[in-house]
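Thanks, everyone; I would like to take a few minutes to walk through one structure, starting from its interior and moving out to how some of the helices pack. Please have it open in front of you as I talk.

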Amino acid sequence: ADEDDLVTQAQFAKEQAYDCVLATLENLFVRFDPSLPQEELDRHRSRVLQVALASQDPMFHNILYPWFTEDIACSADSMNRTEFLLNLVGNLKGRLHATHFERFLRDRKRYDILWKYFVRIDKYEAAADILVRLAEDRDPHIQLSDRLQFLSLAILNIKSIVGEPLLRHGQLERELQEKMEVAEIQAKISEELKRAPLYEDDMEARSIRDEARRELDEQLFDISALYNRFACKFQLWESQLAILWSSGYDDQAAVRKCWAGIIQTILEPQDLPDGLSSSLGALRSKVLSLGRQCYPSYRFAFPVNFIVSTLENYRFTRPQYDDGVCWTVNLLQEIGLPLDAIYGSYRELFMSRGDPWHLPETRLHLLEVIKYILEYSQETHTTDPRVHLTAQTVMSDARQFLAELGRFQFPNAPDAVRRVGTLQNALRHVISTW
């Protein structure tokens, strides 16, 4: 019994001594004299903390580290304490306390601090591994933006590795970049879900979308799950297109469906409440942005013929969307398409006679755009490097267009007859002056 009493007394005395150390730290980190110069204060803090860290008693380390990392984890002061401890432990790397500190962080699952500790001791690959674990952790308290930040930091840490075989950390970096690309698409899906229009009283649909966004916040999904569970389910056309081009999946039917959905969502909001309508300017901005991302690196994701046909069909059938004969051509040039590729697209639509370009009215519409392209090409082919139409091509096609115009019949449409005459004169001028 006497021996037990002695052990109890020793334990009590040890705890009192540890309390004194914590009280000293409290005075240095919380209740310090604000008039003390920062340099002097940090010197006192370092001296006391180094003595504390030199303890061989694991029990003391298990009391010390929570004071720095957990006891006031919600306050800004806790962050200052943690950073101070990390800097000091990092500067004293290789000591016994480093083993205690790492074990403590792993046992408490304080990975948010552990990766910073690894950075301090130049273990960048270990830091990256912890950051990836944080990004992939199914923790409802970690937001998607945080997961993206963790992956970004993991990539930076891999790039910081020195003295490793290039093949090894090069492979790690590529894997992390791929994870980052998929995570960025996940963020795009979440954002597209957020801004997708809904009727104000459609509470069920709103609830389903909110739940989907919570799911996207709580974990990272693979590209297949993102496509099937979210992008397709909610008809998120931009996100579907992004998945197709990022994965290199050349499915033209799916690509055309995406572009049709993107254009229709902007130009046909008649079923939506007032205030949600988008202008032709919004469409121009969207096509320009997506086009520059797809072309020329992912040409399969930018089906020029389909996009030209769709935009020109809107211009022909909806006069309110007609912003001039050169609207689509100028937009495609801004994206970066050369004029000969644009001309080739219009020529192919005209020659194919596919729906709706088999009717005289629609063919006349296409020829007016073609006339603009030929005239622009004639004026700039010597000064604009984007113009590659040859005289032989122009002369041959212009004669074919003239022959086609001669077969048009508009008995009760004087305006169409006038337009035919204007086109015939313009094409003859192109042939005679090219």
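If you centre your view on I189, you will find that I189 touches L216, L226, F230, A231, L236, S239 and I243, leaving aside residues up to four places away in sequence. This is a predicted model, and in it I189 is, together with F302, one of the residues with the most contacts inside the largest nonpolar core, which has 77 residues. There is also a second, separate core, made of 50 residues, and F101, L114, L134 and I142 are among them. As a general background to this, nonpolar side chains in soluble globular proteins tend to be buried together.

Before the helices, a word on confidence. The protein chain averages a pLDDT of 87, and 90% of the residues score at least 70. The stretch I would read with care is residues 270–278, where pLDDT stays under 50 and for which the model has 11 contacts beyond four places in sequence.

Now to helix α16, and to the matter of why it can be called largely enclosed by the rest of the structure. The reason is that 7 of the 9 residues of α16 are buried, so the helix is largely enclosed; the buried ones are W327, T328, V329, L331, L332, Q333 and I335. What covers these buried residues includes α14, spanning 280–294, along with α15, α17 and α18. Just after α16, G336 takes a positive phi of about 125°.

Let me take α18 next. The axes of α16, residues 327–335, and α18, residues 360–380, come within 9 Å and cross at roughly 50°, which makes α16 oblique to α18. On the α16 side, V329, N330 and Q333 meet V369, Y372, I373 and Y376 of α18, and by class this contact has 5 nonpolar, 2 polar and no charged residues.

The other pair to look at is α15, residues 304–317, with α17, residues 339–352, whose axes come within 9 Å and cross at roughly 70°; α15 and α17 are therefore roughly perpendicular to each other. Here V304, N305, V308, S309 and E312 of α15 make the contact with S345, Y346, E348 and L349 of α17, and by class the contact of α15 with α17 has 4 nonpolar, 3 polar and 2 charged residues.

Conventions:
Residues are numbered from 1 along each chain as its sequence is written. This is a predicted model: local features need pLDDT of at least 70, side-chain atom pairs count only at pLDDT 80 or more; totals for chains, interfaces and linings use all residues. Side-chain values use heavy atoms; hydrogens and water are left out. Axes are lines fitted to C-alpha atoms, for helices over the stretch in contact, and angles run from 0 to 180 degrees between N-to-C directions. Helices (H or I, at least four residues) and strands (E, at least two) are DSSP runs, numbered from the N terminus. Angles under 35 degrees count as roughly parallel, over 145 as roughly antiparallel, 65 to 115 as roughly perpendicular and the rest as oblique. Contact means heavy atoms within 4.5 Å. Ala, Val, Leu, Ile, Met, Phe, Trp, Tyr, Cys and Pro count as nonpolar, Asp, Glu, Lys and Arg as charged, and the others, Gly among them, as polar. pLDDT is the predictor's confidence in each residue, from 0 to 100. A nonpolar core is a set of buried Ala, Val, Leu, Ile, Met, Phe, Trp, Tyr and Cys residues joined through side-chain atoms within 4.5 Å. Buried means under 20% relative accessible area, exposed over 50%, partly exposed in between (1.4 Å probe, protein chains only).
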